[in-house]
Each structure stands twice: as structure tokens, then as C-alpha cells.
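Reader: I should be grateful for a close look at one loop residue in this model, followed by an account of how its surroundings fit into the chain as a whole. Please keep to what can be computed from the coordinates.

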Amino acid sequence: MNRVLIIGPCGSGKSTLARDLAPRLGLPLVHMDQLGWQAGWVETDRADLNARLAEVVAQDEWLIEGNYGSTLAPRLARADTVIYLDFPIPLCLGRLVKRVATHRGRSRPDMPEGCPERFDASFFWYVLNWNSGPRVRTEAKLAGYAGELIRLADPRALADWRKANNLA
């Protein structure tokens, strides 16, 4: 595993897993949210995001976590491994509530400074509708992926995979 993507619904634990796996694998860690947002919850211009991402994916080694469907194709083209946290949406929503309560008013480690955690109804709606929208688009993009796809259905499957691969 030299170029790894971690994807899945918001609240599935992508950032947490990435922060733990990157040093174990000796890979530089890139959070898509740090590329995609600027202070004050200002979205990065698409051309700038694509340019910044192109620099990252051109490298020989990386671990990139995050969905950003519009940027998935160039990442998949270079990734040798995709870890897909295909977790149940009710679990993810519960984790999001906990995340908002834990980090409210402060930027999380995977976000740029100046993007304090907050409750956002449209974001929760996006996650609630993951299976009928973002998931469908993600699955379509993964259909042609030739690398190793590790699809994990729940936290127990993730723990078992980590243990089996000496990544626990």
C-alpha cells in the first residue's frame, strides 16, 4: 500500500482511521477537507482544488481520506488501494451528532483552522440520503477501479481487517 484512499459516508470514521494508519504505513496524510475548505467555511475554488490535488496524487506515496466525488477519478487513477468504510447510515449519523457535540465551536484536526464544527442541517440531510445519491455515484466510479478495493461493512469488519493485516 503506497497510494491509499479512504472513502465512505460522512461520520464513518475516515479521518480517524487515516490519522492512525498513515504513520503505521509510513505514508504522508492528506485530508480532502483541508484542501477543499478555507477559513470561514469558504470553499476552495475548483481549479485551485484540482491543482493542489494534482500535486499530491503525482507523488509516489500518500494516504488521502475524504470523498469529494468530483475529484475521485484522478485519485482512483493513481491509488493502489481503496479502503471503503461502507458503514450503516444510522451509525454514521450518530457519530456525526457526537462529533458536533465534542468539537462544537472548534476546528477538528482534519479541517483547516477557522472552520469550527457546527450543526448543519443540510449536511445531515446529505448523509441521510447517502445511499440514494452519493453512494450510487461512488459505486459507479469504483466500477472500473483496477486496484485493491477493501470494502468494510461495519466497525467490526474494520477491526478484523486491521488485526488480520497487523494494523491494529
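Author: Tyr68 lies in the loop that runs between strand E5 (62–65) and helix H4 (72–78). The model is a predicted one. The phi angle of Tyr68 is near 45°, a positive value in a residue other than glycine. Most residues other than glycine have a negative phi. Tyr68 counts as partly exposed because its relative accessibility is 21%, and the limit for a buried residue is under 20%.

A positive phi also occurs at Trp41, where the angle is near 60° and the residue is again not glycine. Trp41 is found in the loop between strand E3 (37–38) and strand E4 (42–43). With neighbours within four places in sequence set aside, Trp41 is in contact with Met111, Gly114, Cys115, Pro116 and Arg118. Trp41 and Asp154 are 113 residues apart along the chain, and their C-alpha atoms are separated by 30 Å.

The loop between H5 and helix H6 (121–128) contains Arg108, and Arg106 lies in the loop between H5 and H6 as well. Arg108 is buried, because its relative accessible area is 6%. Arg106, at 45% relative accessibility, therefore counts as partly exposed. Not counting residues up to four places away in sequence, Arg108 touches Asp33, Arg99, His103 and Glu117. On the same basis, Arg106 touches Cys115, Pro116 and Glu117. Glu117 thus appears in the contacts of Arg108 and in those of Arg106, while Cys115 and Pro116 are also among the contacts of Trp41. As for distances, Arg108 and Ser122 are 14 residues apart in sequence and 19 Å apart in space, C-alpha to C-alpha. Arg106 and Asp80 are 26 residues apart in sequence, with 34 Å between their C-alpha atoms.

A further loop, between strand E6 (81–85) and H5, holds Asp86. Asp86 counts as buried because its relative accessibility is 15%. Leaving aside neighbours within four places in sequence, Asp86 is in contact with Arg135, Glu139, Arg151, Leu152 and Ala153. The C-alpha atoms of Asp86 and Arg118 are separated by 24 Å, the two residues being 32 positions apart along the chain.

From these loops one may turn to the nonpolar interior. In soluble globular proteins, nonpolar side chains tend to be buried together. The largest nonpolar core here has 43 residues, and Ile6, Ile64 and Ile83 touch the most other members. Helix H5 (residues 89–103) contributes the largest share of this core, five residues. Apart from neighbours within four places in sequence, Ile83 is in contact with Val4, Leu5, Ile6, Ile7, Leu17, Leu21, Ile150, Leu152 and Trp161. Leu152 is thus one of the contacts of Ile83 and also one of those of Asp86.

At the level of the whole chain, there are eight helices and seven strands. Residues 24 or more positions apart account for 72% of the contacts with a separation of 6 or more. The radius of gyration is 15 Å, which agrees with the value near 15 Å that a compact globule of 168 residues would have. Along its principal axes, the C-alpha trace spans about 35 × 35 × 30 Å. Of the 168 residues, 43% count as buried. The accessible surface comes to about 8,500 Å², and 54% of it belongs to carbon and sulfur atoms. Finally, the chain has 22 positive and 19 negative side chains, and the centres of these two sets lie 5 Å apart.

Terms used. Residues numbered from 1 in each chain as written. Predicted model: local features only at pLDDT ≥ 70, side-chain atom pairs only at ≥ 80, totals over all residues. Heavy atoms only, no water. Helix = DSSP H or I, 4+ residues; strand = E, 2+ residues; numbered from the N terminus. Rg over C-alpha atoms; globule rule 2.2 N^0.38 Å. Buried < 20%, exposed > 50% of the residue type's maximum accessible area, 1.4 Å probe, protein only. Contact = heavy atoms within 4.5 Å. Areas by Shrake-Rupley, 256 points an atom, 1.4 Å probe, with all protein chains shown as cover. Lys, Arg positive; Asp, Glu negative; His and termini not counted. Charge placed at Lys NZ, Arg CZ, Asp CG, Glu CD. Core = buried A, V, L, I, M, F, W, Y, C linked by side-chain atoms within 4.5 Å.
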